[in-house]
Amino acid sequence: MKKLGVCVVGLGFVGGQAHVPSINKIKNADLIAVCDMNDKLASKYATKYGCRKYLSTDEALADPGIEAAIIAVPTPFHLSVALEFINAGKHILLEMPLGVNMEQTGEVIRAAEKAGVTLMPSLNFRFAPIYTRIKEMIGKENVLGEGPVAIHYREYISANLLAAQWPPGSWAWDKEKSGGPLFTLSVWSIDLFRWLLGSDLKQLHAVAENHKLPKYGGTHGYTGYAVAEFACGTIASMQYSGGVSAGQTMVSMELIGENTNILTAVDTHTIRLNTDDPFETVYKVDVSGPKMWGHYQEDEHFVNSVLEGKTPDITPEDGMIATEAGVRIASMYRSL
Ligand SMILES: NC(=O)c1ccc[n+]([C@@H]2O[C@H](COP(=O)([O-])OP(=O)(O)OC[C@H]3O[C@@H](n4cnc5c(N)ncnc54)[C@H](O)[C@@H]3O)[C@@H](O)[C@H]2O)c1
């Protein structure tokens, strides 16, 4: 079968550590090149994976072997970089949020439609094995009866990890430029609930704060609470914290069923089902590397969709709805 020639653009946290190793392993993908203006990073990945390196998008766009790009540059540059690839007729998987506001997001979507290229938003939680298993359990297996009446979601990220990912002065801490860390990090969970429930957001309310962490010299902590109602009637509560101590990173999602059962997903590895009898059943999800949070699977879905000329399961509209929800949560930052 023909392979799709792919370039990964932006080799930071998610581009370099999740997308490059994924594309390198996907059977129908050919990792033609990596692109980042940071020569050290570009050289490191080009050498490790034996592909070409480009230090600018202009250089990458001159390579006829590149048919598609995974764009993982900071969100403030999504619009400009995405438009360059779209206007050159390349298919793109674009990291989330799609833009820093709804104007930018709309512009990217319209440009891809006009150029007739695939634009798939990177909503990788939909491919994470723990969440695909949860979807099966509440869908096909009806473990929550008619379905969840409530979802309680908690996402804590240790300040030391955020400081290592985004050093002082990083785009991610600049609320004016990028919407700030909570905007960046809330889009995946909102989309996860829409997808699990198969239902659209009816209302969303939030309150959030953002504080500097002198201990990490430039890193911001944040706390966000949001509550959403979906058209199907399910209510979701979300707690986000990006300012907890080392070792406290955790993601947990608890779904309370119409039949009183409780289904809990803990990080990427454990599912607990609580019922009247038996009290508790524990299932383990054994997965590691870039498959854990679904990056490998989403990249594979993108590659195969393009090769087969099919519309990916995740549409630009899904990306737009999640971005809009993130914008609304971030607009509720208490001003300091
Ligand atoms: N899907 C996920 O799990 C996930 C996780 C984290 C971040 N993200 C998203 O991915 C994007 C990148 O986040 P990150 O944390 O990896 O950022 P990062 O700051 O770690 O890395 C971004 C990289 O892009 C490079 N870059 C900037 N402009 C460029 C350009 N014009 N051409 C080529 N390279 C350029 C930078 O030099 C840097 O190496 C953001 O939109 C973020 O919201 C997604």
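## Report on a predicted model of 336 residues

Buried residues account for 57% of the 336 residues in the protein. The model is predicted.

### Overall form

The protein contains 11 helices and 14 strands. Its radius of gyration is 20 Å, close to the 20 Å that the globule rule gives for 336 residues, so the protein is as compact as a globular protein of that length. Along the principal axes, the C-alpha atoms fill a box of roughly 60 × 50 × 35 Å. The accessible surface comes to about 14,600 Å², and carbon and sulfur atoms hold 53% of that surface. Of the contacts between residues at least 6 apart in sequence, 68% join residues at least 24 apart.

### Helix α4 and its surroundings

Helix α4 spans residues 78-87. Seven of its 10 residues are buried, so α4 is largely enclosed by the rest of the structure. The buried residues are H78, L79, V81, A82, L83, F85 and I86. They pack against two helices and three strands, given here with their residue ranges where stated: α3 (57-61) and α5, together with β1 (4-9), β4 (68-71) and β5 (91-94). Just after α4 comes G89, which takes a positive phi of about 80 degrees.

### The loop between β5 and α5

E95 is located in the loop between β5 and α5. The relative accessibility of E95 is 4%, and because buried means under 20%, E95 counts as buried. Leaving aside residues up to four places away in sequence, E95 touches V14, H19, I71, A72, H78, S122, W188 and E298. One of these contacts, H78, is also among the buried residues of α4. P214 lies 119 residues from E95 along the chain, and the C-alpha atoms of E95 and P214 are separated by 29 Å.

P97 is found in the loop between β5 and α5 as well. The peptide bond that joins M96 and P97 is cis, with omega at about -10 degrees.

### Strand β13 and the loops beside it

R272 belongs to strand β13, which covers residues 270-274. Is R272 buried, partly exposed or exposed? Its relative accessibility is 29%, so R272 counts as partly exposed. With residues up to four places away in sequence not counted, R272 touches I262, L263, T264, V266, E280, T281 and V282. The last of these, V282, is 10 residues from R272 in sequence, and the two are 4.6 Å apart in space from C-alpha to C-alpha.

D267 sits in the loop between β12 (262-266) and β13. Its phi is near 45 degrees, a positive value in a residue other than glycine. On the other side of the strand, P278 occupies the loop between β13 and β14 (280-284). A cis peptide bond joins D277 and P278, and omega there is about 5 degrees.

### Backbone values in loops

N142 also has a positive phi, near 50 degrees, in a residue other than glycine. N142 lies in the loop between α6 (129-138) and β7 (148-158). Its relative accessible area is 46%, so N142 is partly exposed.

The table collects the backbone angles.

| Site | Angle | Value |
|---|---|---|
| G89 | phi | about 80 degrees |
| N142 | phi | near 50 degrees |
| D267 | phi | near 45 degrees |
| M96 and P97 | omega (cis) | about -10 degrees |
| D277 and P278 | omega (cis) | about 5 degrees |

### The second largest pocket

How much space lies in the second largest pocket? The volume is about 200 Å³. Its lining has 16 residues, and V117, T118, L119, T311 and P316 are the closest to the centre of the pocket. Two elements, α5 (102-115) and α10 (295-308), give two or more residues to this lining. The largest share, three residues, comes from α5. By type, the lining residues of the second largest pocket divide into eight nonpolar, six polar and two charged.

Helix α5 thus appears in two parts of this report: α5 is one of the elements against which the buried residues of α4 pack, and α5 gives three residues to the lining of the second largest pocket.

Notes:
Residues numbered from 1 in each chain as written. Predicted model: local features only at pLDDT ≥ 70, side-chain atom pairs only at ≥ 80, totals over all residues. Heavy atoms only, no water. 1 Å grid on protein atoms, 1.4 Å probe; cavity = no way out; pocket = protein on both sides within 12 Å on 5 of 7 lines; lining within 4 Å. Points joined across faces, edges and corners; volume = space filled by probe spheres on them. Helix = DSSP H or I, 4+ residues; strand = E, 2+ residues; numbered from the N terminus. Nonpolar A, V, L, I, M, F, W, Y, C, P; charged D, E, K, R; others polar. Rg over C-alpha atoms; globule rule 2.2 N^0.38 Å. Buried < 20%, exposed > 50% of the residue type's maximum accessible area, 1.4 Å probe, protein only. Contact = heavy atoms within 4.5 Å. Areas by Shrake-Rupley, 256 points an atom, 1.4 Å probe, with all protein chains shown as cover.
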